Amino acid sequence: MAATAAVAALAAGCTAADAVPDSTPEVAVLRLDTPVREPVWSKEAGAVVALAESEPRVVKFTPGESAGRMTARTTLSDRIPGLGENLAPSATGEHVLYVPRPDADRVAVLDSGTLRVKGSLRAGEAPAHVTVDSGADVLLALSRDGATVTGVDVQPDPGEDPAVVTRNEVRLGPAGEVDGPDRGRLIEFHTVGPDLISHYKGAVGEVEKTAALAFRAETTTGDLVKVSRLYAAEKGTDRLVAIDVSPGGDKLREVARSRLGAPVLHLGADENRLYAVTEDRLVVLETNSYEGFPSGEFTVVKSIDYRAALKDARLKEAPVSGLAVGPERVYLTLRGVPHALSVAEPGL
């Protein structure tokens, strides 16, 4: 199912130094066909892909422009019973999406263009949360009970289930998450439990827990360049930290920190910037993936009040349900309403 809807472009205090073209609004409202959650940018599809909020479908919305206004074309998959907690696009150039189905003990493989199911693969028991380690060509799946991370080859032989390349007991509980990097030859990932962040690394069949740090995270995201680094927002505070492996490789430590004035609800990153969403602001920070943080502090590039120009009361009050970082704009999806906000990224 697909539909195209024009949107109202809303200017929100853009300045000349922000390098946003006059014809491009800093914040625009995109109308969708249904509310969505867990959005992520798919490079191959050139679109945001997400899970429908109230029914078992995958949703794609493709940004565009019509008559000088920003638009979004929404595509919905067929119903896919028993969807898990998130979805992950391929990071190896394939036009596929991986969608966990814990009740079926399978991960569905969808065409990212049509959203049709191409097949499925086995990735441990009751896979509920997935991520892709593209450097090692491995799909990582966390079980629904948070007890196990299973890594499987993302390019199995036709007609066969993929080989299991790692299986780690992580004991995170049902609220746990796993985050895999987009670079690196060895298998490497972080796990996030209620009060502990752990780092795992190793060759096929030799992945081991290398370090851990006590930390209560509200949300996390990985660095796209420095694979050992994880960004985490502390639950119940306004503190944002960068966590990395120590030079000896046996400890996790905080390497940067900042207080943003409000709790961070969602995080996303590209190769240069970190994007932190609070209740009413999008804070853009430098990642310093190569240089590190000599001062131990983040550098804030810009803070955008994304609700300032919203006129619809529903949009002003709707909580943000997720964040997707595109090549030029960041997309914020809203809980309970069929809309997303498109926010211009500051120029480099």
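**A walk through the salt bridges, rings and strands**

In this predicted model, Asp223, Lys226, Arg229 and Asp244 are joined in a network of salt bridges. Within that network, let us look at Arg229 and Asp223: their closest N and O atoms are 3.5 Å apart, and both residues are buried.

Searching the whole structure turns up 16 salt bridges. Another of them brings together the side chains of Arg239 and Glu254, at 3.1 Å from N to O. Arg239 belongs to strand β22 (residues 239-245) and Glu254 to strand β23 (residues 252-259), so this pair ties together parts that are 15 residues apart in sequence. Arg239 has a relative accessible area of 16% and is therefore buried, while Glu254, at 27%, counts as partly exposed.

Glu55 and Arg79 give us a further example, with 3.7 Å between the closest N and O atoms. Here the link is between distant parts of the chain, 24 residues apart: Glu55 is in the loop between β5 (47-52) and β6, and Arg79 is in the loop between β7 (69-76) and β8 (88-89). Glu55 is partly exposed at 24% relative accessibility, and Arg79, at 52%, is exposed.

Now for the aromatic rings. The whole structure holds five aromatic pairs. In one of them, Phe61 and Tyr331 meet edge-to-face, with 6.1 Å from centre to centre and 75° between the planes. Since Phe61 lies in strand β6 (residues 58-66) and Tyr331 in strand β29 (residues 329-334), the pair ties together parts that are 270 residues apart in sequence. Both rings belong to buried residues: Phe61 has a relative accessibility of 1%, and Tyr331 has 5%. Add Trp41, and the three residues form one aromatic cluster.

The rings of Tyr231 and Phe298 also have their centres 6.1 Å apart, but their planes are at 50°, so this pair is tilted. Tyr231 sits in strand β21 (residues 230-234) and Phe298 in the loop between β26 (281-286) and β27, so the parts tied together are 67 residues apart in sequence. Tyr231 is buried at 0% relative accessibility, as is Phe298 at 7%.

That loop leads us to a sheet. Four strands make up an open, antiparallel sheet in the order β24-β25-β26-β27. Because β24 (266-269) and β27 (300-305) each have a single partner strand, they stand at the edges, and one side of each has no neighbour in the sheet. From one strand to the next, the twist averages 15°. β24 pairs with β25 (residues 273-277) over four bridges, and Leu267 stands opposite Ala276 in β25.

Conventions. Residues numbered from 1 in each chain as written. Predicted model: local features only at pLDDT ≥ 70, side-chain atom pairs only at ≥ 80, totals over all residues. Heavy atoms only, no water. Pairing = 2+ DSSP bridges. Helix = DSSP H or I, 4+ residues; strand = E, 2+ residues; numbered from the N terminus. Axes fitted to C-alpha atoms, helices over the stretch in contact; angles between N-to-C directions. Phe/Tyr/Trp six-rings, centres within 6.5 Å; stacked < 30°, edge-to-face > 60°. Buried < 20%, exposed > 50% of the residue type's maximum accessible area, 1.4 Å probe, protein only. Salt bridge = Lys/Arg side-chain N within 4 Å of Asp/Glu carboxyl O.
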